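Biologist: I have not looked at this one before. Can you walk me through it?

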Amino acid sequence: MRSRPRTAFVMKLKRRRCPKCGGKINNQQTRCRRCNQVQGRPQK
């Protein structure tokens, strides 16, 4: 059984990076692990 392709929104969430330090951000996190900077989420 084949799974459906990921949407553009999900891909944006997955490759999010912190604008302050460049650290990688989990798609559920609102703050960066390295510098504690608050993150915005991409618009749908």
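Biologist: How many helices and strands does the protein chain have?

Modeller: The protein chain has one helix and zero strands. Helices (H or I, at least four residues) and strands (E, at least two) are DSSP runs, numbered from the N terminus. This is a predicted model, where local features need pLDDT of at least 70 and side-chain atom pairs count only at pLDDT 80 or more, while totals for chains, interfaces and linings use all residues. Residues are numbered from 1 along each chain as its sequence is written, and side-chain values use heavy atoms, with hydrogens and water left out.

Biologist: What does the C-alpha trace span along its principal axes?

Modeller: About 40 × 20 × 15 Å.

Biologist: And what share of the residues is buried?

Modeller: Of the 44 residues, 18% count as buried. Buried means under 20% relative accessible area, exposed over 50%, and partly exposed in between (1.4 Å probe, protein chains only).

Biologist: How much area does the chain expose?

Modeller: About 4100 Å², with carbon and sulfur atoms supplying 47% of that area. Accessible areas come from the Shrake-Rupley method with a 1.4 Å probe; for residues, only the protein chains shown count as cover.

Biologist: Switching to cysteines. How many disulfides are there?

Modeller: Zero. A disulfide is counted when a pair of cysteine sulfur atoms lies within 2.5 Å.

Biologist: Why is Cys18 not bonded to Cys35?

Modeller: Because the two sulfurs are 3.6 Å apart, which is too far for a bond, although Cys35 holds the closest cysteine sulfur to that of Cys18. Cys32 is in no disulfide either, and the nearest cysteine sulfur, in Cys21, is 3.6 Å away.

Biologist: Is Cys18 buried or exposed?

Modeller: Cys18 is buried, at 4% relative accessibility. Cys32 is also buried, with a value of 4%.

Biologist: Where does Cys18 sit, and what does it contact?

Modeller: Cys18 is in the segment after H1. Leaving aside neighbours within four places in sequence, Cys18 contacts Gly23, Ile25, Cys32, Cys35, Gln37 and Gln39. Contact means heavy atoms within 4.5 Å.

Biologist: How far apart are Cys18 and Gln39?

Modeller: They are 21 residues apart in sequence, and their C-alpha atoms are 7.1 Å apart in space.

Biologist: Stay with Gln39. What does its side chain reach?

Modeller: The side chain of Gln39 reaches the backbone oxygen of Gln37 at 3.0 Å. That is a polar contact, a pair of N or O atoms within 3.5 Å; within protein, one must be able to donate a hydrogen and the other to accept it, and residues adjacent in sequence count only if both atoms are side-chain atoms. Gln39 is buried, with a relative accessible area of 11%. Beyond four places in sequence, its contacts include Arg16, Thr30 and Cys32.

Biologist: And Arg16, buried or exposed?

Modeller: Buried, since the relative accessibility of Arg16 is 9%. Arg16 lies in the segment after helix H1 (8-14). Its side chain reaches the backbone oxygen of Asn26 at 3.1 Å. Not counting residues up to four places away in sequence, Arg16 touches several residues, among them Gly23, Gln29, Gln39 and Pro42.

Biologist: Which residues does Leu13 contact?

Modeller: Leaving aside neighbours within four places in sequence, Leu13 contacts Ile25, Asn27, Arg41 and Pro42. Leu13 is in helix H1 and is buried, at 7% relative accessibility. Leu13 and Pro42 are 29 residues apart in sequence, with 7.0 Å between their C-alpha atoms.
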